[in-house]
Structures are given as C-alpha cells and as structure tokens.
Amino acid sequence: MTAYAFYESPFGLLKIGVANGKVILIGMVPKADTVSQPTPLSAEVYRQLQEYFAGKRTVFTVPYAFQGTSFQQAVWAQIAKIPYGRTVTYKDIAQAIGKPRAFQATGRAVGANPLAILIPCHRVIGSNGEMTGYAYGLEMKKTLLDLESTSSVTCHNTLSHR
C-alpha cells in the first residue's frame, strides 16, 4: 500500500509517496488530493528537502524506487548521477545510456520523472546550454539551479558512457 503525505515547501505543496519502505513519488500539487498519511520515511524526505532548500544539503540519503519503463528507469538512473551544482544535456544522458539518437525520448523520460528534486531532472538542459522545459515550470528550475550556485547555466558533462 502507498501512503501519501503533504508538506509545504518554498514552491507550494509537496506530495510524497512511500511504498514498501521506499520513496516512489515526490511532486508538487495544487492541493492535497487524498488524506495525508505521514510516515517516518516521508518525514525524513521532507526534512532532507528542507535542508536542501536551505542550502545545507547536496546529497539525499533516502531509499527510493523507480516505477516506469526500463528506458525511463535507465534515464532516471543517469539523472541521479548528476552532481549537485552541475548540469548535463539530454544528449549527454542519451549517450550515457547507450541510446545516442534517443535524445527526444530521453527528454520525455526526464519530463516523466516521478521523484522531483530527489532525482535532479532540473539539472538537465538543452544542447545549446539553455534551460528547457521542467514539469513545474522554468522559474522553479532556475531557482533550483540558482540554489545550487549555478550562476550561469553551462553544460558540464559528468556522466560516464556505457
């Protein structure tokens, strides 16, 4: 069974889903869409997110599980490797997972990331070095990148290729 809990954040209401002792969802919602069922794990996720928003945390240490296609999971696993304060392109990720021509499909997988911030899809930018779409808007993406002390968005390929 999945337990959902709702917490306030600088960007609005966070919805955190926990199942089988792992985080399976972190997303922004306009309002609580079910009864809040906080768990020790959702409270820990929230605590770590608060530290991140305060500029005091660069790495998350909570267990999580991906729920998606094998391609999506491969993309999300690569995104999870992007270091704090660094950016990569969709093309970099596509190459890193061994699908160099699949950068558009990679973009769709990035957009479907169910673990916002924890799996830092805000660190993925366009090949021209510009910010591109973000599920919660470019303003939030820019704020998160600024929080990570990225004064100008530049591409730093930090992914290893298979």
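This passage describes the nonpolar core, the largest pocket and the largest cavity of a predicted model. Residues are numbered from 1 along each chain as its sequence is written, and side-chain values use heavy atoms, with hydrogens and water left out. Because the model is predicted, local features need pLDDT of at least 70 and side-chain atom pairs count only at pLDDT 80 or more, whereas totals for chains, interfaces and linings use all residues.

The largest nonpolar core (buried Ala, Val, Leu, Ile, Met, Phe, Trp, Tyr and Cys residues joined through side-chain atoms within 4.5 Å; buried being under 20% relative accessible area with a 1.4 Å probe, protein chains only) holds 37 residues, of which Ile-16, Ile-26, Leu-49, Ile-79 and Ile-117 touch the most other members. Among the elements giving two or more residues to this core are β1 (2-9), β2 (12-19), β3 (22-29) and α1 (40-53), and α1 provides the largest share, 6 residues. Residues up to four places away in sequence aside, Ile-16 has contacts (heavy atoms within 4.5 Å) that include Ala-3, Leu-25, Ile-26, Val-45 and Leu-49.

The largest pocket (an open set of points on a 1 Å grid over the protein atoms alone, with protein on both sides within 12 Å along at least five of seven lines) has a volume of about 190 Å³. Its lining, counted as residues with an atom within 4 Å of a point, comprises 14 residues, with Val-59, Phe-60, Ala-80, Leu-118 and Pro-120 nearest the centre.

The largest cavity (a set of points where a 1.4 Å probe fits but cannot get out) has a volume of about 40 Å³, and the residues lining this cavity include Val-110, Cys-121 and Tyr-134.

How values were computed
Points joined across faces, edges and corners; volume = space filled by probe spheres on them. Buried < 20%, exposed > 50% of the residue type's maximum accessible area, 1.4 Å probe, protein only. Helix = DSSP H or I, 4+ residues; strand = E, 2+ residues; numbered from the N terminus.
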